[in-house]
Amino acid sequence: MASSANKNINAKLVLLGDVGAGKSSLVLRFVKGQFVEFQESTIGAAFFSQTVAVNDATVKFEIWDTAGQERYHSLAPMYYRGAAAAIIVYDITNQASFDRAKKWVQELQAQGNPNMVMALAGNKADMLDGRAVAPEDAQTYAQENGLFFLETSAKTAANVNEIFYEIAKRLPRLQQTPNPSGMVLVDRPTERANSASCCS
Amino acid sequence: MYGGSGVQGKRDMAMEYEAQIPVLRPSIHSRRANMMVKFQDLYEFTVEGNVDDVNVLNEVREKVRHQGKVWWALEADKGANWYLESFVPSTLLKSSLKFSTLVNAITLKKLIRKGIPPNLRPKVWFSLSGAAKKKSTVPDSYYNDLISAVEHKVTPATKQIDHDLPRTFPGHPWLDTPEGHASLRRVLVGYSFRDSDVGYCQGLNYVAALLLVVMKTEEEAFWMLAVLLENVLVSDCYTTNLSGCHVEQRVFKDLLTKKCPRIAAHLGALEFDVSLVCTEWFLCLFSKSLPSETTLRVWDVLFYEGAKVLFSVALAIFKMNEEELLVTHHVGDVINVIQRSTHYLFDPDELLTVAFEKIGFMITTNISKQRKKQEPAVMAALDQRIRRLNSLNDDEKS
């Protein structure tokens with residue numbers, strides 16, 4: 001790993017979490033830098049890609065944004081199979097979504113890739129008035145289960161790029177790179193690719 | 001002509017689109033290569049495309065107008081409801097039919113594959129799909145009674161529906177209005193009580209919304225949804241663990257291996273599971289993936305020939321992109337090829353010609369056999385997953 005040449009890594013990443021927790025909004029914020037109040041409901045899963053540069057390496061995330069409704073969970077294995085990373089999303093104003101997040105963690109621990117990098121995202125962090133899940137609880141849970149935890153807001157963009165960047169840094173194949181400094185987003189999708197997930 | 005219910009208004013405009021929406025001529029400025037423009041399609045969905053796409057859509061409008069003339073000429077020749085008499089139920093012995101009926105049936109099948117004109121769609125769909133028959137078996141007031149009986153009820157299904165209303169084709173000039181949301185809500189909530197096994201499944205919001213846009217009356221859209229879920233599609237596509245959908249996916253994978261072996265082998269080597277892209281197609285019946293008129297041309301055939309059409313169309317999408325797919329190296333590239341292709345498929349004939357002429361016959365009884373064959377495996381896999389998850393929960397408790 002002494003070579004300073006660019007390393008290009010493809011990493012499959014899956015987002016899991018309760019319906020309405022804001023999975024698609026997080027992805028939209030990360031991939032396109034946008035936020036819309038009413039994001040089209042996801043059926044099955046939606047696919048996006050985005051590249052992050054970490055020091056001398058670039059990580060191309062292949063992101064699977066899955067549908068949240070309970071009955072869609074039977075499809076989930078198809079999306080997390082072979083994933084290098086997962087973001088489990090809950091809504092900080094909804095305790096039930098936190099409970100659901102824990103179940104996803106359990107399922108991934110039992111079925112997923114043992115080296116999978118897992119992040120817990122407490123989304124909608126801008127809605128402090130409605131908070132139902134204390135950050136300390138989530139932090140404790142994350143620590144006990146080997147996840148890293150961040151509260152995010154797809155609306156204000158808080159911690160959104162950070163969570164993806166943190167994942168990129170923790171990917172096993174990047175582990176030996178020295179202290180990363182700063183993040184650059186490259187490879188913005190073209191106009192045409194941007195509209196690829198529009199409705200018909 | 002199709003009036004009656006209280007959900008008219010703005011949608012009447014869509015009916016007269018031929019007269020009202022001028023043929024779009026891209027301005028000089030947008031002629032530069034790859035310049036993207038936004039425009040409205042035949043059903044008022046805003047789409048984005050380049051100048052070529054605009055031209056294709058204009059040609060499609062022209063073809064639709066031509067098909068309209070063909071249909072009207074046939075009505076004038078054979079009588080207003082000629083296609084009802086041409087409908088040959090599969091239970092009937094073909095030998096017992098009059099020759100003229102058979103001729104009409106063949107004409108009708110061909111004609112439907114070429115497309116039902118948008119202004120005739122509500123009437124033709126309603127009769128040929130079996131929705132009219134379904135409606136006639138219950139009292140006239142069924143829909144209104146159902147809707148008023150469930151109006152104020154709150155269930156997990158209604159909560160999910162309310163959550164999804166503004167997230168269903170946001171930006172459509174009728175669907176994304178309070179009136180449109182209310183109409184879609186009544187259809188979905190009504191159906192969730194009609195069949196509590198289905199209740200509400202995400203995906204149905206897109207299907208019901210497009211049915212509303214086509215049928216123009218809420219009650220007819222409701223019956224179309226009912227006939228679709230109860231008669232046209234395989235059962236359990238949308239129930240608890242989507243088992244019907246899992247079965248369809250497995251049948252589709254076998255068909256792909258058989259009909260497009262090179263693609264199947266290449267995707268297999270990339271460890272690309274075709275369900276990654278197909279699941280949405282089968283659950284939303286392409287409404288979220290293809291442009292509206294292309295989707296509706298698929299539905300024209302779906303309502304007449306049955307659910308096997310979904311396989312033909314899905315295979316055609318892969319087949320059309322064969323050369324490009326064979327040079328992909330990553331899962332992401334495969335998805336991009338497929339999504340770019342479906343998103344800009346403004347010419348329905350481009351797709352349907354491949355689906356019906358290049359893929360080869362799809363026989364319903366064979367498909368049914370394949371489904372029967374796959375069912376036990378799907379059930380076993382789903383059961384196994386549930387048992388595994390339950391045992392995790394038990395571990396936690398102990």
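# A serine at the chain boundary and a one-sided helix

The side chain of A:Ser74 comes within 2.9 Å of the backbone oxygen of B:Asn241. This is a predicted model. Two places in chain A are covered here: A:Ser74, which sits in a loop, and helix H4, which spans residues 135-144.

**A:Ser74 and chain B**

- A:Ser74 belongs to the loop that links strand S3 (57-66) to helix H2 (76-80) in chain A.
- The relative accessible area of A:Ser74 is 10%, so this residue counts as buried, the cut-off being under 20%.
- The side chain of A:Ser74 also makes a polar contact of 3.0 Å with the side chain of B:His246.
- Setting aside neighbours within four places in sequence, A:Ser74 touches B:Asn241, B:Leu242, B:His246, B:Leu382 and B:Arg385.

**Helix H4 of chain A: the buried side**

- A:Ala138, A:Tyr141 and A:Ala142 are buried in H4.
- Viewed down the axis of H4(A), the buried residues fall within an arc of 100 degrees, so they line one face of the helix.
- An α-helix has 3.6 residues a turn, so residues three or four places apart point the same way.
- The cover over the buried residues of H4(A) includes strand S4 (85-91), helix H3 (95-111), strand S5 (117-123) and strand S6 (148-151), which belong to chain A.

**Helix H4 of chain A: the other side and the end**

- A:Glu136, A:Gln143 and A:Glu144 are exposed, on the face of H4(A) turned away from its buried side.
- After H4(A) comes A:Gly146, with a positive phi near 70 degrees.

Definitions and conventions: Residues numbered from 1 in each chain as written. Chains lettered and ligands numbered in written order. Predicted model: local features only at pLDDT ≥ 70, side-chain atom pairs only at ≥ 80, totals over all residues. Heavy atoms only, no water. Buried < 20%, exposed > 50% of the residue type's maximum accessible area, 1.4 Å probe, protein only. Helix = DSSP H or I, 4+ residues; strand = E, 2+ residues; numbered from the N terminus. Arc of directions from axis to C-beta. Contact = heavy atoms within 4.5 Å. Polar contact = N/O pair within 3.5 Å; in protein donor to acceptor, adjacent residues only side chain to side chain.
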